[in-house]
Amino acid sequence: MSRTKPPPQQHERLRRPVRSAARPEQVFKGIAVSAGVGIGAVFSATEPEAVITRQKIHAAESGSETARLDAAIVQSRNQLTKLRTRLAVLPEESQVEITPLMDAYLAMLGSSRLVRGARRRIGETLLSAESAVVAEADEIADNILAMPAARAEERARQRRSAEEVREIGRRLVRNLTRTPFRSFAALPEGAVLVSEYLRPADAALLNPARLAGVATEEGGLEGHSSVMLRALGVPAVLGAPGLAHAIQPGDLVIVDGGDGVVVLNPSPARLAAARRAAIAFARDRQRLGKLRRLAAETSDGTIVELQANLELPVELPLIAQSGAQGIGLFRTEFLFMNRETVPDEDTQTEAYRQVVEAMGGDPVTIRVLDWGGEKEIASLSAEGLVPEIADTNPALSVRGIRMLLRVPELLEVQFAAILRAAAYGPVRVMLPMVTNPGELHAAREIYERVVRRLRRRGERLPEQLPPLGVMIETPGAALGADMLGATADFFALGTNDLTAYTLAVDRSDADVAALYDPLHPAVLRLIQFATQAALRAKIPVSICGEIAANPKLVPLLMGLGLRSFSMNASAVPRVKQRIRAVEIAACDQLARRVMEDVDPERIAALIEEFSA
Ligand code: PEP
Ligand code: MG
């Protein structure tokens, strides 16, 4: 039986003697995309650039040019299919991230808009295959980026989609121009990979156990390459200008993926500090991993519920790994996006059922469609179901529950699908953008009508119907929380919109981004008031805006009375770690001090001091 040597542990690798630096130390600042400290010899992975030499063709060549494009498509598909099969050797978290991306790439090489558009350009505008691909990919990517986005995550998703299209365009061009792809076959164990850029599909060629770190000149925090490097758990800094051109064979490199710093040929003192930091990081990661099985409980025994926000089904495995106890906000907008027609009841039931089943008995709070404001959805406009988004003030116009009550058939189908999915596990139903009890009453009437109809149809429904609750995400809903609490089954505080509406700051407008402050005393007072109103009404209350994911803010929110937090799955371990380190009495005291203050800077200082 052959035995393979186990991969060396990070700290063993660090103890190995490294070449002393003959060249001077150089420090590069980049974007911190994947935490951890990596130390190793540089491995340069540059790649020849694909050069397009011919822009236009003659009409007689359009047939042969289309044939060239088709051959490049087949070649690209073969390359990606091969890479996809190699993913099986990567850690499971990485496979979860990269497999859907590979599938998206492969789909784009099928009968996609990119392929159809490139073929059309060859025939109609007589562009060479390379130029046609570049022009079409650029146009699709620009269109994606021109779409409005209400949330930072939505904007990030658009950037990633645009990047996917451009990436497939680049692969086709490389194959069309016969420019070779780089290989990582010669990457020595324990090296730091340095290059101009890293494409997400390269992940399939890297072995994280043999790689000390990655540093590139291009790339940003939210791109696929960053997501992939985080999933691989490799320390990484991207977007460090000048780096790839500064390296020389034999250089020693430190990659600090927490601070976003790359050091070439570090001084002995810096090298020693980096070794200590690498060991501390490895210990910290081990501790966070162990947290998954521990309770979210303060040091003096107050139990807190930590749940995850779900935006796309691909996030489900990450939620399972995070230790979250269910889903506190399942945003359903994705189901209606990127399609030409509105999903029917069976399609929606299937989507909700999959999520409910995947949570294995942990509760799932499904929010009905939150359309409007800046959340535009093409399939709804295409079917003429929704009014035009107001030019003047979309955020104050028909959105969330207001739209659903105008188009009750949409709400009925969604309620029916959620109720049917509730036969597979505990579910709660949540209404977005409710500002008055009339909206809740009207929605409840529809809900009960749908229940009766499903029962007549003989559908299997849970004995106890899913609770019907509301998002508290406007100042009106927060100040009217006593009124809403009389009929709502639960509250979820949506502090993203609550902050925007309270401070009159558009969430996606960079010009006023500095004014967007969830710690503004006005926002904190609304959070406190709505939380206390829920406690008075004896209904559950949770918080699912971005601030619930911030370990520094959670003690304050607990002091304001909150015990249930829903956040991005990746934030769960650190929030849990923070909760386990505090006493509830100290959280209460912090909240009292903060609420007595009216100066946002002092409030921020009190919070910093508490978490120091
Ligand atoms: C919120 O507004 O805080 C919220 C959670 O909803 P969304 O971000 O989907 O608008
Ligand atoms: Mg909202």
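This passage walks through the domain layout, a magnesium site and two helices of a predicted model.

The chain falls into three assigned domains. Domain 1 is built from two stretches, 15-47 and 184-268, while domain 2 covers 59-177 and domain 3 covers 290-611. Between the centres of domain 2 and domain 3, taken over C-alpha atoms, the separation is 35 Å.

A good place to begin a closer look is the metal site. The magnesium ion (ligand 2) has two protein donors, E473 through OE and D497 through OD, lying 2.1 Å from the ion. E473 sits in the loop between β13 (468-472) and α17 (475-479), whereas D497 belongs to helix α19 (residues 495-503), so the pair ties together parts that are 24 residues apart in sequence. Both donors fall under the 20% cut-off for burial: E473 counts as buried because its relative accessibility is 2%, and D497 likewise counts as buried at 5%.

The strand that precedes the E473 loop is also worth a visit. β13 is mostly covered, with five of its five residues buried. Its partner is strand β12 (residues 427-431), which runs parallel to β13 and is joined to it by three bridges. Within this pairing, M430 stands opposite G469 of β13.

Attention now turns to the helices. Helix α12 (residues 345-358) contains 14 residues, which should span 20 Å at 1.5 Å a residue; the end C-alpha atoms are 20 Å apart, so the expected and computed values agree. The buried residues of α12 include the charged side chains E345 and R353, along with Q348, T349, A351, Y352, V355 and V356. Just after α12, G360 adopts a positive phi of about 50°.

Helix α23 (residues 584-596) has 13 residues, and the distance from its first C-alpha to its last is 18 Å, close to the 18 Å expected at 1.5 Å a residue. Buried positions in α23 are I584, C587, L590, A591, V594 and M595. These residues lie on the same side of α23 because they cover an arc of only 125° around the axis. On the other side of α23, R592 and E596 are exposed. The buried residues of α23 pack against three helices, namely α20 (521-537), α21 (554-559) and α24 (600-611).

Key:
Residues are numbered from 1 along each chain as its sequence is written. Chains are lettered from A and ligands numbered from 1 in the order in which they are written. This is a predicted model: local features need pLDDT of at least 70, side-chain atom pairs count only at pLDDT 80 or more; totals for chains, interfaces and linings use all residues. Side-chain values use heavy atoms; hydrogens and water are left out. Helices (H or I, at least four residues) and strands (E, at least two) are DSSP runs, numbered from the N terminus. The expected span of a helix is 1.5 Å times one less than its number of residues. Buried means under 20% relative accessible area, exposed over 50%, partly exposed in between (1.4 Å probe, protein chains only). The arc is that of the directions from the helix axis to the C-beta atoms. Contact means heavy atoms within 4.5 Å. Domain bounds come from an automatic or database domain assignment. Donors are N, O and S atoms within 2.8 Å of the metal (3.2 Å for Na, K and Ca); water is not among the atoms, so sites may look incomplete. Two strands pair if DSSP finds at least two bridges between them.
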